[in-house]
Structures are given as structure tokens and as C-alpha cells.
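This report is written for a reader who meets the structure below for the first time. It goes from the overall fold to the packing of helices and then to single residues in the loops.

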Amino acid sequence: ENGNVPKEVVYQNLLDVYKEAYRDRFSKERRGLVLNAANREQMQKALEVHTYEDVSDAMRGWVYGDNVCGKNEKGAFYATVEFVLRMGTKGDDHIERFCNMWNDGPVVKTIEPPRHSEKEQREEYKFGQLLANYGGK
């Protein structure tokens with residue numbers, strides 16, 4: 001699917017996509033991360049099962065997983081290249097999961113505003129009316 005592009009170039013590009021996502025998420029470089037035999041092998045296996053686009057999207061999508069980015073009980077960072085590319089049994093394919101995260105975008109959590117007491121609501125209403133009468137609203 002990647003034509004005549006040498007595998008090494010494809011692997012380095014995927015690693016660069018991961019590093020860029022890391023930099024965007026944490027505003028710093030991921031130092032010491034280089035293409036090695038372990039992540040080459042994982043990338044090769046991933047590309048045998050998934051398209052390049054899906055693997056590339058997964059290498060970006062992990063940034064939307066707060067739990068893997070250190071916001072968990074242990075404060076541990078799990079989103080290593082190896083973790084992102086992990087393929088397991090059905091329902092445990094990290095590539096698919098992180099690819100979907102990238103394509104779906106971040107989950108926006110809405111927070112319900114605190115409910116005011118009836119007295120506070122009446123006061124807010126009166127204040128709103130007062131502003132309206134003076135052209136402030």
C-alpha cells in the first residue's frame with residue numbers, strides 16, 4: 001500500500017508522528033526515543049493487519065486518552081510506542097482504539113452548572129431585570 005517507500009522510511013515516519021503527538025500534548029520533546037528493533041518489529045506487525053493510515057492515526061490518537069497520559073491512580077504514563085501498537089485479542093486492539101480516538105476527536109465533558117436555591121434564582125432574575133431596565137443587558 002505504501003508503494004516503493006522503503007520500510008525504514010515508513011517506520012521512521014510513524015515514529016515521527018508519535019513524537020509530534022507527544023510534543024503537542026505535553027509541550028516538550030520525547031527525548032531518547034529512537035527507532036529500534038523492538039518498535040520496528042511492532043510497526044511491521046501492525047502494518048500487516050492495519051492500514052498505514054490507521055496506524056498513523058493511532059500514533060496520534062493516544063493523546064486523547066487521559067488515562068494513558070498519566071491521569072490515573074498511579075500517575076503513570078502508559079502511552080509508549082509499544083503500548084500504542086499493542087495488538088491483542090478482540091476488543092483489546094490498541095491500534096483500533098487509538099485510531100478511533102483520533103478520528104472521533106477529544107471527548108468533551110460538559111459540567112452541569114451548580115443549581116441555585118430558589119432565593120438565589122429570584123435574586124438573579126431581579127438583577128437581570130434591573131440590568132435590562134438600565135440597558136445593560
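A residue is called buried here when its relative accessible area is under 20%, exposed when that value is over 50%, and partly exposed in between. By that rule, the buried residues of helix α3 are Tyr52, Val55, Ser56, Asp57, Ala58, Met59 and Gly61. Because 7 of the 10 residues of α3 are buried, this helix is largely enclosed by the rest of the structure. Its buried residues pack against α1 (7-26), α2, α4 (81-84) and α5.

The model is a predicted one, and its chain has 6 helices and 0 strands, so that the pattern read along the sequence is α-α-α-α-α-α. Of the 137 residues of the chain, 28% count as buried. Among the contacts in the chain with a separation of 6 or more, 65% come from residues 24 or more positions apart. The chain exposes about 9,800 Å², and carbon and sulfur atoms supply 49% of that area.

Two packed helices are described by the angle between their axes and the distance between the axes. Helix α3 (residues 52-61) packs with helix α5 (residues 94-104) at an angle of about 75 degrees, and their axes lie 7 Å apart. That angle makes α3 roughly perpendicular to α5. On the α3 side the contact involves Asp54, Val55, Asp57, Ala58, Arg60 and Gly61, which meet Ile95, Phe98, Cys99, Met101, Trp102 and Asn103 in α5. The residues of this contact divide into 7 nonpolar, 2 polar and 3 charged.

A second pair of helices is α1 and α2, whose axes come within 10 Å and cross at roughly 100 degrees. These two helices are therefore roughly perpendicular to each other. From α1, the contact is made by Lys7, Glu8, Val10, Tyr11, Leu14 and Leu15, and from α2 by Asn39, Arg40, Met43, Gln44 and Leu47. Here the residues divide into 6 nonpolar, 2 polar and 3 charged.

Three loop residues can be set side by side, each with its place and its accessibility.

| Residue | Loop | Relative accessible area |
|---|---|---|
| Ser27 | between α1 and α2 | 68%, exposed |
| His50 | between α2 and α3 | 14%, buried |
| Thr51 | between α2 and α3 | 29%, partly exposed |

His50 counts as buried because its relative accessible area is 14%. Its side chain makes a polar contact with the side chain of Asp93 at 3.0 Å. When residues up to four places away in sequence are not counted, His50 touches Val55, Met87, Asp93, Ile95 and Glu96. Of these, Val55 is one of the buried residues of α3, and Val55 and Ile95 also take part in the contact of α3 with α5.

Thr51 lies in the loop between α2 and α3, and its side chain reaches the backbone nitrogen of Asp54 at 3.0 Å. Asp54 is itself among the α3 residues that meet α5.

Which backbone angle of Ser27 is positive, although this residue is not a glycine? The angle is phi, with a value of about 55 degrees. Most residues other than glycine have a negative phi. Ser27 sits in the loop between α1 and α2, and it is exposed, with a relative accessible area of 68%.

Technical notes
Residues numbered from 1 in each chain as written. Predicted model: local features only at pLDDT ≥ 70, side-chain atom pairs only at ≥ 80, totals over all residues. Heavy atoms only, no water. Helix = DSSP H or I, 4+ residues; strand = E, 2+ residues; numbered from the N terminus. Buried < 20%, exposed > 50% of the residue type's maximum accessible area, 1.4 Å probe, protein only. Contact = heavy atoms within 4.5 Å. Areas by Shrake-Rupley, 256 points an atom, 1.4 Å probe, with all protein chains shown as cover. Axes fitted to C-alpha atoms, helices over the stretch in contact; angles between N-to-C directions. Parallel < 35°, antiparallel > 145°, perpendicular 65-115°, else oblique. Nonpolar A, V, L, I, M, F, W, Y, C, P; charged D, E, K, R; others polar. Polar contact = N/O pair within 3.5 Å; in protein donor to acceptor, adjacent residues only side chain to side chain.
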